[in-house]
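Reader: I should like to examine the interior of this protein residue by residue. Please show me the sequence and the structure.

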Amino acid sequence: MKPMRRKDRQMPEEEARALLAKGEYGVLATVEEGDQPYGVPLSYVVVENSIYFHCAYQGHKVENLRHQPKVCFTVVGGTKPVFSGGDFSTLYQSVVVFGTAAEVTEDAKKAEVLTALCQKYMPEYSHEIPASLAKDGKHTAVWAVAIQQISGKSKKEE
């Protein structure tokens, strides 16, 4: 990863990891055959040092991941446009992760990740997770992005 140009806006790694963990959605950037970039927004969960997401077993994203497993994942936190002292600007937080994607094939790990995803987005339905996994779990692919590099950047009110 290239060094950050605006070092004064660089987040400590712990803060970047916290933003990544609490982020609602991220954009996964992949590369297809022929080197065409492809970015797709998705829901995700962080477990240990990996980002996990679910998807179908086939499709554009999966084809790209099988072609080139190196990916970039970006999350944007709170943003706020501001006008101050005659200048237009934006307050923001963001995190960028570089990593390598791999399909999760172990049933126990898939169930753990799908449970974590459900609990992140709809904790009030936690009691429904076992039945949902029994019904749909075998039809759902799970992928992991092992976090190899992470950086965060923010501009806060002065």
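Reader: Which residues does Val75 touch, not counting residues up to four places away in sequence?

Author: This is a predicted model, in which local features need pLDDT of at least 70, side-chain atom pairs count only at pLDDT 80 or more, and totals for chains, interfaces and linings use all residues. Residues are numbered from 1 along each chain as its sequence is written, and side-chain values use heavy atoms, without hydrogens and water. Val75 lies in strand β5, strands being DSSP runs of E with at least two residues and helices runs of H or I with at least four, numbered from the N terminus. With contact meaning heavy atoms within 4.5 Å, Val75 touches Leu19, Leu20, Gly23, Tyr25, Gly26, Tyr44, Gln93, Ser94 and Val95.

Reader: Is Val75 buried or exposed?

Author: Buried means under 20% relative accessible area, exposed over 50%, and partly exposed in between (1.4 Å probe, protein chains only). Because its relative accessibility is 0%, Val75 counts as buried.

Reader: Which element gives the most to the largest nonpolar core?

Author: A nonpolar core is a set of buried Ala, Val, Leu, Ile, Met, Phe, Trp, Tyr and Cys residues joined through side-chain atoms within 4.5 Å. The largest has 24 residues. Among the elements that each supply at least two of its residues are α1 (13–22), β5 (70–76) and β8 (141–155). The element that gives the most, with five residues, is β8.

Reader: What is the exposure class of Glu112?

Author: Glu112 has its place in helix α3 (residues 107–121). Because its relative accessible area is 37%, Glu112 is classed as partly exposed.
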